[in-house]
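Student: I'd like to learn how to read a protein model, one feature at a time. Can we go through this one together?

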Amino acid sequence: MIWRFGLFDSTFEPLLYTHWALLAALGLPLLLGMLAALFPPKRALPVALACVPILASGLMMLSAYDQAGLLRWQWEIADINLSLRLNGLSVLLLLMTQVIGVAAALYTPGYLRLNETGPLARWLWPLIGVVLSALSLIWLATDLLTLYAGLELMGLAAVGMLLLSGKVPALVAGMRYLLLALVGSLTYLLGVALILGHWGRLDLQGLAGVIEPGPVAWFAAALIGAGLALKAALFPLHAWLSPVHENAWTPVSALHAALVIKASLFILLLLWSILLPDTFYAPRVIAWLGLLAIVWGGLLAWRTDSLKTLVASSTVGQLGYLMVAFPLLLGPDIAPLPRALAWEGFWLQLMGHAFAKAAMFMAAGNLILATGESTLKGLAGTSRRLPLSLLVFGIASITLMGLPPSSGFTAKWLLLQAMVLSQQWWAVAALLTGTLLTAAYIFRMFRYCFDETAPRHRYQPLAPGMDLIALTLALIAFALGLLAHFPLELMHGGSP
């Protein structure tokens with residue numbers, strides 16, 4: 001076996017400390033998750049201590065990028081080239097993953113103390129570690145084999161987290177999710193096999209130079225796109241999403257909705273930008289499906305009586321905003337300015353949604369834990385005793401609705417500018433329709449919670465910090481709109 005390792009940056013000067021930063025970003029979540037499993041799962045101190053080095057590794061990666069610019073790591077194992085790359089976009093996604101992952105980990109001990117959990121609860125920590133390590137690998141990978149390894153590790157760990165409660169509905173939903181995830185993986189692998197058989201390489205940089213438009217590229221893109229769309233719950237392949245969240249533990253739902261499904265969407269955009277450059281039809285098909293997703297997800301959330309289903313169905317509609325942007329990112333005859341605006345709006349929307357949706361799931365979990373009710377009608381009158389949980393839900397909702405000055409507003413403003421400049425008026429209508437539908441189901445939920453005529457509930461006190469952790473994530477999503485120039489400047493030039 002041949003093993004060749006290299007580290008290169010934009011100035012061709014090796015940065016030795018980035019080796020340690022890379023190993024820490026990829027390996028520490030898994031290692032510390034396994035160590036945390038040795039302690040009782042409801043103790044917060046070991047979790048808090050484990051979170052510090054994880055965040056430190058992300059700051060080290062940010063420092064390395066700030067000093068050196070683009071960084072690449074390359075390996076050669078048995079004539080197979082594997083490579084990682086750190087650019088502005090991957091730094092942002094890495095930091096987003098670590099902050100949300102740390103928040104979910106800190107939230108978990110309090111949640112487990114108030115919830116009925118079995119002996120399998122201690123396995124949640126290593127599974128969270130696998131998810132965070134796999135996500136970090138996906139954000140950095142620049143070859144099809146590494147992307148697949150990260151995707152599979154993430155997917156299997158996500159399924160494991162969903163099964164931990166041991167309840168029959170959770171087992172049914174989790175096994176259905178596992179089956180569909182395996183189908184998506186098989187479809188993705190068929191596309192990769194087609195690429196390898198025709199062009200004989202797996203590295204994205206090399207493929208970008210040899211792939212030419214034609215039936216092979218189109219068929220490979222269709223296979224990869226179908227598999228990743230199934231994993232990302234893109235409309236109309238989203239039916240598995242609501243049952244999964246309905247039966248999952250709250251921190252698991254927060255991680256899954258905020259991060260796991262985003263990884264498949266990231267890979268889809270990354271690979272289609274190589275397989276389908278300047279293609280007219282494929283991005284527009286995704287965009288029209290995104291329009292339907294906005295309407296269908298909004299209607300599902302508006303009609304449901306379950307709080308968790310409302311939040312999960314909202315994810316379907318919010319992903320539709322990202323799907324609608326595909327023609328601006330991949331389509332032909334798009335001027336540089338609209339494409340740049342769409343690029344910035346796309347990733348700002350993705351990050352803002354990640355923080356807001358994690359906060360919203362935590363707030364919803366707090367409401368359900370405190371009241372013992374999971375329906376909207378059962379939450380009537382909760383404003384009397386749970387104002388902070390409702391405040392968190394409201395701040396997160398501001399981002400999802402796209403109200404100023406949240407990150408949702410800034411992202412939609414960038415996307416709207418790109419759509420107007422490129423005269424995609426149907427896409428403008430889609431974004432405006434989605435905003436109205438989001439407001440409709442959010443205000444419907446608050447109408448029940450602020451019903452002062454409802455009978456008084458017996459409330460279970462929440463563990464210290466559960467609302468504050470969710471509030472922190474909601475405020476980050478809100479502040480990203482006010483401070484959008486910082487992530488946008490860092491992301492500039494970080495296109496896949």
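Student: Let's start with a single residue: is D333 buried or exposed?

Tutor: Keep in mind that this is a predicted model. To sort residues, look at relative accessible area: under 20% is buried and over 50% is exposed. D333 has 81% relative accessibility, so it counts as exposed. You'll find D333 in the loop between α13 (326-330) and α14.

Student: What is the phi of D333 near?

Tutor: Here's the general idea: most residues other than glycine have a negative phi. Phi of D333 is near 60 degrees, a positive value in a residue other than glycine.

Student: And what about A233: buried or exposed?

Tutor: A233 has a relative accessible area of 1%, so it is buried. Its phi is also positive, near 60 degrees, and again this is a residue other than glycine. A233 sits in the loop between α8 and α9.

Student: Which peptide bonds are cis here?

Tutor: As a rule, most peptide bonds are trans. In this model, the bond from F235 to P236 is cis, with omega near 5 degrees. P236 belongs to the loop between α8 (215-232) and α9 (241-247). The bond from P404 to P405 is cis too, with omega near 0 degrees, and P405 is in the loop between α15 and α16.

Student: Let me zoom out. How many helices and strands are there in the protein?

Tutor: The protein has 19 helices and 3 strands. Its radius of gyration is 22 Å, close to the 23 Å that the globule rule gives for 496 residues, so the protein is as compact as a globular protein of that length. Along its principal axes, the C-alpha trace spans about 70 × 55 × 40 Å.

Student: What share of the residues is buried?

Tutor: Of the 496 residues, 61% are buried. For the outside, look at the exposed surface: the protein exposes about 19400 Å², and carbon and sulfur atoms supply 70% of that.

Student: How do I read the contacts along the chain?

Tutor: Ask how far apart in sequence the touching residues are. Among contacts with a separation of 6 or more, 82% are between residues 24 or more positions apart.

Student: Where can I see that in one residue?

Tutor: Try Y441, which lies in helix α17. At 2% relative accessibility, Y441 counts as buried. Leaving out residues up to four places away in sequence, Y441 touches G298, A301, W302, L310, S314 and Q318. Take A301: it is 140 residues from Y441 along the chain, yet their C-alpha atoms are separated by 6.1 Å.

Student: How far apart are T472 and A103 in sequence and in space?

Tutor: They are 369 residues apart in sequence and 8.6 Å apart in space, C-alpha to C-alpha. T472 is in helix α18, and with a relative accessible area of 44%, T472 is partly exposed. Now look at another pair: P109 and A217 are 108 residues apart in sequence, but 48 Å apart in space, C-alpha to C-alpha. P109 is in helix α3 (residues 88-114) and is buried, with a relative accessible area of 1%.

Student: How do I check the length of a helix?

Tutor: Compare the distance between its end C-alpha atoms with what is expected at 1.5 Å a residue. Helix α2 (residues 44-68) has 25 residues and should span 36 Å; its end C-alpha atoms are 37 Å apart, which agrees. Helix α15 (residues 387-401), with 15 residues, reaches 20 Å from its first C-alpha to its last, close to the 21 Å expected.

Student: What comes just after α2 and after α15?

Tutor: Just after α2 comes G69, with a positive phi of about 80 degrees. α15 is followed by G402, whose phi is positive and near 80 degrees.

Student: How many of the residues of α15 are buried?

Tutor: The number is 11 of 15, so α15 is largely enclosed by the rest of the structure. Among the buried ones are L390, V392, F393 and I395.

Student: Which helices do the buried residues of α15 pack against?

Tutor: They pack against α12 (307-324), α14 (336-371), α16 (407-421), α17 (425-449) and α18 (466-482). Among these, α17 holds Y441 and α18 holds T472.

Definitions and conventions: Residues are numbered from 1 along each chain as its sequence is written. This is a predicted model: local features need pLDDT of at least 70, side-chain atom pairs count only at pLDDT 80 or more; totals for chains, interfaces and linings use all residues. Side-chain values use heavy atoms; hydrogens and water are left out. Helices (H or I, at least four residues) and strands (E, at least two) are DSSP runs, numbered from the N terminus. The radius of gyration is taken over C-alpha atoms; the globule rule is 2.2 Å times the number of residues to the power 0.38. Buried means under 20% relative accessible area, exposed over 50%, partly exposed in between (1.4 Å probe, protein chains only). Contact means heavy atoms within 4.5 Å. Accessible areas come from the Shrake-Rupley method with a 1.4 Å probe; for residues, only the protein chains shown count as cover. The expected span of a helix is 1.5 Å times one less than its number of residues.
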